[in-house]
Amino acid sequence: MGERIDSAIFAPLDDKSQALAPPQLLQNGELAYMMVHFYWMLVYSKNDKNALPRLYQRSMYPDAPSPAHGHSVIRVGKDMRSPHELLPVKMCEGGNCLYYTVEGDPEGMSDDAQTYEVKLAGCDDFVFHMNSRGYRAIEGSSVDMKCHYFDKSIKLDGNSAMGTDYLLNFGYVEGTIDGEEVYGVGGCEFAFVTFTKMMTMSAYEVPPGQFYQLCGRCEDGSWDICHVTLKQVDDGTPPAHALFWNTKDPENWVSSYDVKFHADWEKVPYAKEDDPTMQPKNIVIKFADKTVHVEPKWAFRGFADPVDAEVGFSNGTGDFYEGDTPYAHDIALAMFEMQHITNENIPQNDF
């Protein structure tokens, strides 16, 4: 099985895990409150097997606007040397994100006593329902998607490399985007912070480092799920953590702080000439008794103009496999995010 750490675990959700202040996050008598919440999915066309996948994301902040740059549908670049394409999918615009509690589960996805509902002030066309088994996202006539969570979610606390309470749910997604039937892999993420810690933060910013969200369906129908954080900042928390789980063996998951990393690096080819942002290739991550190979296929940089993205920021997705023998998933999301990584501060390889 390998190492397990208590601050980065796989565990089931209940109907209060996605609340604005989940009771299980009580820290020294103080609750942690949701600071940011976003959901995303990589989807494939059911009718056109040759079409490049699309990414759909929305960022939400309780009692604050959902920013225009934080929600859109893009088509990934045709390879890692090509920028993504912004698609003309009409997204809902509105005021602040308003969170409610709804009795039961209107989506019929769970037996929960309550469901969390998010709406946008001044917008009648947007609704988002969260339950312990998944979520449904509706954006007018443009998006109607369901995400079916797996039996366990990733839960991180302030002693993990993330440095704050964090909830990450992976799942299988299906529905329609712009009237077309699609399917794929999705997720939903939450960051929670206590009021005491919030008062010490000048602003919420992702620290320098690498973040990997990996999820793929295997030939036998099980799913490989992996999450890795590799930081380049000394903030009193561990510099790294990693978790891995295959769903056919529910209790045999691993987590570790002892993470080794190797990659080759290249400048983002479509970035501006004076933009030194780097992206990885030939990625290998080792922890506990696991070796995970990440194979980037398609590039993107955020969900706005890829050329004008922040210096040091890049993304990509593709496939991955665990162990020494390559294998493919029939659908996969091997999404990574580079934060503040340029040719002046390329991460050093550990092996």
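**Strands 19 and 20**

I began with strand 19 and strand 20 (residues 290-300), which run antiparallel and are joined by five bridges; strands here are DSSP runs of E of at least two residues, helices are runs of H or I of at least four residues, and both are numbered from the N terminus. I kept to the rule that two strands pair if DSSP finds at least two bridges between them. This is a predicted model, in which local features need pLDDT of at least 70 and side-chain atom pairs count only at pLDDT 80 or more, while totals for chains, interfaces and linings use all residues. Residues are numbered from 1 along each chain as its sequence is written, and side-chain values use heavy atoms, with hydrogens and water left out.

Looking for one bridge in this pair, I found Ile-285 matched with Val-292 of strand 20. At the hairpin of strand 19 and strand 20 there are two residues between the strands, and Ala-288 takes a positive phi near 45 degrees. I then checked the cover of strand 19 (residues 278-287) and noted that seven of its 10 residues are buried, where buried means under 20% relative accessible area, exposed means over 50%, and partly exposed lies in between (1.4 Å probe, protein chains only). On strand 18, which runs antiparallel to strand 19 and is joined to it by eight bridges, I picked out Lys-260, whose bridge partner in strand 19 is Lys-286.

**The nine-stranded sheet**

I traced an open sheet of nine strands in the order 17-16-15-14-22-21-20-19-18, with antiparallel pairing. The edges are strand 17 (254-256) and strand 18 (259-267), each of which pairs on one side only. From one strand to the next the twist averages 15 degrees, with axes taken as lines fitted to C-alpha atoms (for helices over the stretch in contact) and angles running from 0 to 180 degrees between N-to-C directions.

At the strand 17 edge I looked up its pairing with strand 16 (residues 240-246), which is antiparallel over three bridges, and there Ala-242 stands opposite Ser-256 of strand 17. In the loop between strand 16 and strand 17 I located Asp-249, which is partly exposed, with a relative accessible area of 36%. I also noted that the C-alpha atoms of Asp-249 and Ser-222 are separated by 9.0 Å, the two residues being 27 residues apart along the chain.

**Strand 2 and the cores**

I turned next to strand 2, where 13 of its 14 residues are buried. Strand 2 pairs in the antiparallel sense with strand 13 (residues 180-194) over 13 bridges, and in that pair Val-36 stands opposite Ala-191. Strand 2 also pairs in the antiparallel sense with strand 3 (residues 54-60), over seven bridges, and Met-41 has Tyr-56 of strand 3 as its bridge partner.

I followed Tyr-56 into the largest nonpolar core, which has 37 residues and in which Tyr-39, Tyr-56, Phe-128 and Tyr-135 touch the most other members. Strand 2 (residues 32-45) gives the most to this core, with five residues. A nonpolar core is a set of buried Ala, Val, Leu, Ile, Met, Phe, Trp, Tyr and Cys residues joined through side-chain atoms within 4.5 Å. Leaving aside residues up to four places away in sequence, I listed the neighbours that Tyr-56 touches, among them Tyr-39, Trp-40, Met-41, Ile-177 and Phe-303; contact means heavy atoms within 4.5 Å.

**Cysteines**

I looked for disulfides, defined as pairs of cysteine sulfur atoms within 2.5 Å, and the count came to zero. For Cys-123 the closest cysteine sulfur is that of Cys-92, at 4.1 Å, which is too far for a bond; Cys-123 is buried, with a relative accessible area of 12%. For Cys-218 the closest cysteine sulfur is in Cys-215, at 9.4 Å, again too far for a bond, and Cys-218 is buried with a relative accessible area of 12%.

**The whole chain**

Finally I noted the totals, with one helix and 22 strands in the protein. The radius of gyration is 19 Å, close to the 20 Å that the globule rule gives for 351 residues, so the protein is as compact as a globular protein of that length; this radius is taken over C-alpha atoms, and the rule is 2.2 Å times the number of residues to the power 0.38. Of the 351 residues, 58% count as buried.
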